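Please open the structure in your viewer and keep the selection panel at hand. The tour below proposes one selection after another and says what is found at each stop.

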Amino acid sequence: MTAVKELWSYRNLIYNLAQRELRSRYKKSILGWAWSLINPASTLLIFSFVFGVLFNSQAPDTGGSHQSSFALYLFCGLVVWNFFSGTLTGSISSLQASGPLLNKVYFPPACPPIANMFTVLLQACIEGGILIVIMLVIGNVSVTFLLFPVLLVFVGLFGLGLGLVAAVYNVYLRDVNYLVAVGMNVLFYATPIVYPISQVKGKVPSWVFHIYEANPLVQFVGWSRDAFYLLRWPGIVSFGWAATASIVTFALGAWIFTRKARNVIEEL
Amino acid sequence: MGDTPAIRVDDVAKRFRLYNERAGSLKEMITNRQGGRYSDFWAVDGVSLEVPHGSVYGLVGHNGSGKSTLLKMMANILKPTRGSITTDGRISALLELGAGFHPDLSGRENIYLNAAILGLRRAEVDKIFDDIVEFSGLSEFIDSPVRHYSSGMFVRLGFSVAVHVDPQILIVDEVIAVGDEEFQRRCFEHLFKLRNNGVTIVMVTHSLNLVRQMCDRAAWLDHGVLMAEGKAVDVVHEYVDKVDAAENERLEAADKIKAERDAEFADAARPVAVTQRPIVLGEIEALDGELRSSRLFHTFEPMTVRVHYQCKQPIEDPLFSMTIESQAGVLVSWPGMQPTHLPGEMRDGWGHVDYSIPRLALGPGEYSMTVAVHDHDGTAVLDKRERVVTFRVSTDEAVFGLVDLMGTWSGLIPREEDQS
């Protein structure tokens with residue numbers, strides 16, 4: 001509880017660190033902020049082409065306008081993935097980068113990873129905003145859009161929980177960083193982003209499918225598609241499981257981090 | 001406030017692990033498991049002290065004595081391995097000025113960032129922003145990126161932020177020795193102002209003068225162990241005594257090496273050919289009040305310079321002189337015998353002359369002595385020993401500059417006409 005109180009008193013620092021990151025990110029580049037759109041757009045384009053055109057993946061019909069768009073179906077998943085992946089990997093790098101500073105001034109070491117999460121969150125909001133605008137244009141609109149902020153909260157908690165643990169152990173063992181990189185690669189394809197979850201269903205034994213489904217990210221991507229694409233609310237089981245998993249992950253991660261972080265500073 | 005001290009350090013120890021070969025990856029970690037390839041190093045070992053509210057506290061000690069580690073623990077940056085540190089009040093630490101400045105951001109943006117690192121809220125920064133800029137003297141450049149700043153401008157901005165965050169406890173690590181003289185002066189003025197406002201200041205410094213001038217209390221650390229703690233003047237005195245002893249040895253050793261080296265060239269360098277030289281200088285001794293040989297003297301205490309000579313043929317009224325130079329090469333004094341001062345005729349053999357100084361009015365520092373002997377009208381140099389003795393002067397009193405003019409201040413005396 002004291003840790004939470006302390007972080008609250010340093011909220012201005014978190015704000016400033018995030019602001020520093022955002023302000024300095026696109027300094028000295030001509031396109032500047034446009035890059036934050038060009039980057040996901042290019043990924044979307046490539047994936048749409050490779051999986052939608054070459055592999056001929058089919059997306060189901062949208063819930064409102066009853067048309068099928070693999071690109072939009074993909075985009076719903078990518079928004080979630082980008083936010084999760086940016087939070088997790090950014091936690092590691094932001095703590096490492098703050099090493100020299102933490103050795104000079106005291107502040108809660110959780111501030112840089114949290115600030116990083118907010119910068120990634122901003123990006124996620126922009127992407128979500130674009131998604132909403134497109135959906136408005138094609139007339140696929142519903143009150144289920146309101147799920148998006150809730151989704152962001154849980155994905156953020158899940159990513160930050162894992163990120164905090166990875167960040168603190170990465171200080172002792174640089175292997176963690178590489179391990180995370182490999183893990184992210186596996187996780188990307190173990191999450192139904194570039195394919196619909198229905199593709200997995202009959203192709204693997206049911207116990208494997210249960211494990212697959214237990215990954216909260218699978219649920220989060222599902223929520224995103226429910227909210228933006230299929231325009232329906234996620235099932236109560238999916239919601240209950242993923243929400244609980246993300247809160248537990250975050251609590252565990254924060255607990256490990258607070259216990260370890262103070263000893264880590266001198267190793268940074 | 002009350003009776004609780006601003007900082008209480010209770011039996012604090014800090015261990016660092018020195019890894020012989022850092023286990024940087026998983027494989028190494030596993031394979032080295034049994035080896036335990038590190039050695040423990042106790043940077044601070046069992047230190048207890050209290051810093052009272054509103055006091056200025058100095059930490060002295062040679063390099064590697066654990067001062068900075070202790071300071072970092074006080075600032076909550078490092079966690080003690082053993083013992084506890086409790087602080088009462090908001091701490092601002094000046095361990096490195098401008099830490100956390102982002103080169104791409106403007107001075108203005110960095111002020112907000114830096115103040116946030118020091119724990120301030122935005123509204124609080126808004127209030128002190130103008131003061132910070134004014135103090136730093138960088139108002140023209142405040143909107144350009146700090147990467148274009150000179151190193152001096154960088155630390156000026158850093159210092160300005162750190163001292164304006166209204167700390168209750170300020171922790172300063174040898175950072176004041178930056179910037180130009182003008183800025184340094186303002187730094188000190190500001191520190192004095194903070195002190196007068198009741199801010200507790202803890203500083204690490206190598207300047208003993210600063211400790212004497214500013215600090216109420218001080219602690220002396222040596223290899224992580226607390227050697228002395230108490231009134232600043234007493235602690236410095238004790239520290240100086242110890243350093244003096246070590247310094248004495250060092251200076252004597254250095255002189256010995258120099259003497260040996262000089263001996264090789266001595267004959268070639270001497271002004272008059274050895275064979276014709278009627279008088280040769282021997283050992284030059286620096287003696288303290290009890291006429292013991294020393295390399296360490298204290299301001300306002302007696303000193304005697306004893307010059308040994310060997311007379312090879314009778315010579316009339318030789319004149320001895322000596323010069324004292326500061327370490328920077330400034331000629332401080334050049335006392336010489338006047339022709340009116342007639343030592344008389346010298347006979348063959350060894351003897352010595354003394355130059356006695358009842359009260360040595362030199363400021364603290366290192367000085368070297370050159371001794372020469374001339375003929376009776378002072379024109380020909382018969383023998384000369386350049387910088388033959390190096391000695392050190394330390395002081396417990398406020399002596400600034402190279403010499404004390406031994407004057408006294410008096411007053412205040414009102415003007416005559418004002419009296420009527």
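## Where the two chains meet

Chain B and chain A bury about 2800 Å² between them, and 54% of that area lies on carbon and sulfur atoms. As you look at this interface, please keep in mind that the model is a predicted one. To display the whole contact, select 34 residues on the side of chain B and 29 residues on the side of chain A. Within chain B, you may then highlight B:Ile77, B:Lys79 and B:Ile117, which lose the most area to chain A and together account for 21% of what that side buries.

Staying at the interface, which side chains meet in a salt bridge here? Select B:Glu109 and A:Arg23, whose side chains come together with 3.1 Å from N to O. The count of salt bridges between chain B and chain A is one, while over all chains the count comes to 17.

## A pair of helices in chain A

Next, select residues 216-230 of chain A, which form helix H11, together with residues 236-264 of chain A, which form helix H12. These two helices pack at an angle of about 125°, and their axes are 9 Å apart; H11(A) and H12(A) are therefore oblique to each other. Their crossing is left-handed. To see the contact itself, show the side chains of A:Pro216, A:Gln219, A:Phe220 and A:Trp223 on H11(A), and on H12(A) those of A:Ser238, A:Phe239, A:Trp241, A:Ala242, A:Ala243, A:Ala245 and A:Ser246. Sorted by character, the residues of this contact are eight nonpolar and three polar, with no charged residue among them.

## Stops within chain B

Now move to chain B and select B:Arg217 with B:Glu229, which form a salt bridge whose closest N and O atoms are 3.4 Å apart. This pair links distant parts of the chain, for B:Arg217 belongs to strand E8 (residues 217-222) and B:Glu229 to strand E9 (residues 225-231), 12 residues apart.

The last two selections concern the backbone. Most residues other than glycine have a negative phi, and most peptide bonds are trans. B:Asp11, which is not a glycine, nevertheless has a positive phi of about 45°, and its place is in strand E1 (residues 7-19) of chain B. Finally, select B:Gly411 and B:Leu412, where the peptide bond from the one to the other is cis, with omega near 5°; B:Leu412 lies in the loop between strand E19 (381-394) and helix H9 (416-419) of chain B.

Note on methods: Residues numbered from 1 in each chain as written. Chains lettered and ligands numbered in written order. Predicted model: local features only at pLDDT ≥ 70, side-chain atom pairs only at ≥ 80, totals over all residues. Heavy atoms only, no water. Axes fitted to C-alpha atoms, helices over the stretch in contact; angles between N-to-C directions. Helix = DSSP H or I, 4+ residues; strand = E, 2+ residues; numbered from the N terminus. Parallel < 35°, antiparallel > 145°, perpendicular 65-115°, else oblique. Left-handed = near helix turned anticlockwise from the far one by under 90°. Contact = heavy atoms within 4.5 Å. Nonpolar A, V, L, I, M, F, W, Y, C, P; charged D, E, K, R; others polar. Buried area = accessible area lost by both parts, 1.4 Å probe. Salt bridge = Lys/Arg side-chain N within 4 Å of Asp/Glu carboxyl O.
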